[in-house]
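Good morning, everyone, and thank you for making time for this short talk. Please take a moment to look at the model before I begin.

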Amino acid sequence: MKKSVFFGSVALAALVAGAASASTLDDVKARGQLICGSNPGLTGFAAPDANGVYQGFDVAVCKAVAAAVLGDPMKVKYVPLTGETRFTALASGEVDVLVRNSTWTFSRDTELALDFVAVNYYDGQGFMVNKSLGVSSAKELDGATICVQTGTTTEMNLADFFKANNMTYTPVNIADDAEGQQKFAAGACDSYTTDASGLASSRATLPNAADIVILPEIISKEPLGPVVRHGDNNWGDIVRWSFYALVAAEEYGITKANLEEVAASTQNPEIRRLLGLEGDMGKKIGLDNDFAKRAILASGNYGEVFEANIGASTSIGLARGLNAQWTQGGLMYAPPFR
């Protein structure tokens with residue numbers, strides 16, 4: 001088994017080396033389209049709307065990159081990927097970037113030879129149950145059946161949590177969030193476990209949402225963010241700084257509506273570099289100096305993207321929490337545009 005895992009990692013690393021030998025930036029420009037690996041359907045984060053157009057918090061990152069590179073946030077092809085197929089699809093070159101609620105871990109960063117370029121959502125794993133089960137804590141789930149997605153950190157965290165608390169459970173394996181929602185709603189499992197943000201998204205789509213409780217325990221750290229192939233550092237820089245442009249814009253009070261006004265009047269050197277008014281930030285990564293400006297205009301700043309897709313006023317109803325700006329008690333801030 002250990003040999004199989006080892007050779008599997010070597011094979012995946014070889015795929016990465018081959019895929020990264022050519023410039024992803026050149027490929028995207030030649031194609032005229034960004035190919036973004038996405039969740040098959042997680043409401044609020046990435047899911048096709050009634051017209052088949054992908055919308056959501058993660059989708060906004062893809063749009064920001066497309067706007068930065070191609071000048072048009074709509075020049076994106078979304079490829080739905082499951083937890084088991086996502087990293088292979090990225091490594092093989094099937095997608096240019098993976099923006100799909102994927103957790104940054106040591107093994108993924110090293111053994112898979114992939115690069116997590118930023119954290120766009122700080123999350124943690126939780127549990128969801130029906131009120132009728134009569135439990136108020138995950139520590140009361142001894143002997144329960146648990147719906148859990150295979151090929152994820154969620155599986156490992158679940159095993160660790162139950163072992164640490166001397167409890168037993170029966171896993172009900174699922175391929176993706178949609179199947180998890182279906183099986184939980186059908187009563188195939190007592191509890192559904194995934195990232196707390198995913199639980200909030202799933203609950204919002206169920207007809208009996210008022211009867212469903214998300215238990216208070218958060219049993220893991222789940223830093224979620226965009227992923228690129230190891231070895232194409234320039235492409236990693238482009239994805240990283242296109243995202244951080246959104247974060248910096250919120251910190252400096254730049255919105256989709258007031259960006260042009262700010263650009264015309266600001267004397268703040270950091271804002272001027274961010275908006276391409278001085279310095280050569282874009283040229284340093286193979287783009288023009290307006291790349292960050294276009295990224296912001298695609299969907300707004302980080303706060304606008306959060307509130308429009310998953311914030312308190314949406315059906316998902318997530319508070320900013322750890323994803324608030326560092327000036328507001330959260331963990332979110334952009335490295336300096338300097």
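I will go through two strands and their neighbours.

Please keep in mind that this is a predicted model, in which local features need pLDDT of at least 70 and side-chain atom pairs count only at pLDDT 80 or more, while totals for chains, interfaces and linings use all residues. Residues are numbered from 1 along each chain as its sequence is written, and side-chain values use heavy atoms, with hydrogens and water left out.

Let me begin with strand 1, residues 34-38, where strands (E, at least two residues) are DSSP runs numbered from the N terminus. Here 5 of the 5 residues are buried, so strand 1 is largely enclosed by the rest of the structure; buried means under 20% relative accessible area, with a 1.4 Å probe and protein chains only. Leu 34, Cys 36 and Ser 38 point one way from the strand, whereas Ile 35 and Gly 37 point the other way.

Which strands does strand 1 pair with in the parallel sense? Pairing requires that DSSP finds at least two bridges between two strands. Strand 1 pairs with strand 4, residues 76-80, over 5 bridges in the parallel sense, and Cys 36 has Tyr 78 as its bridge partner there. Strand 1 also pairs in the parallel sense with strand 5, residues 97-98, over 2 bridges, where Leu 98 is the bridge partner of Gly 37.

Turning to strand 8, residues 125-130, we find a mostly covered strand, with 5 of its 6 residues buried. Strand 8 pairs in the antiparallel sense with strand 11, residues 191-195, over 5 bridges, and Gly 126 stands opposite Thr 194 in strand 11.

Definitions and conventions
Buried means under 20% relative accessible area, exposed over 50%, partly exposed in between (1.4 Å probe, protein chains only). Helices (H or I, at least four residues) and strands (E, at least two) are DSSP runs, numbered from the N terminus.
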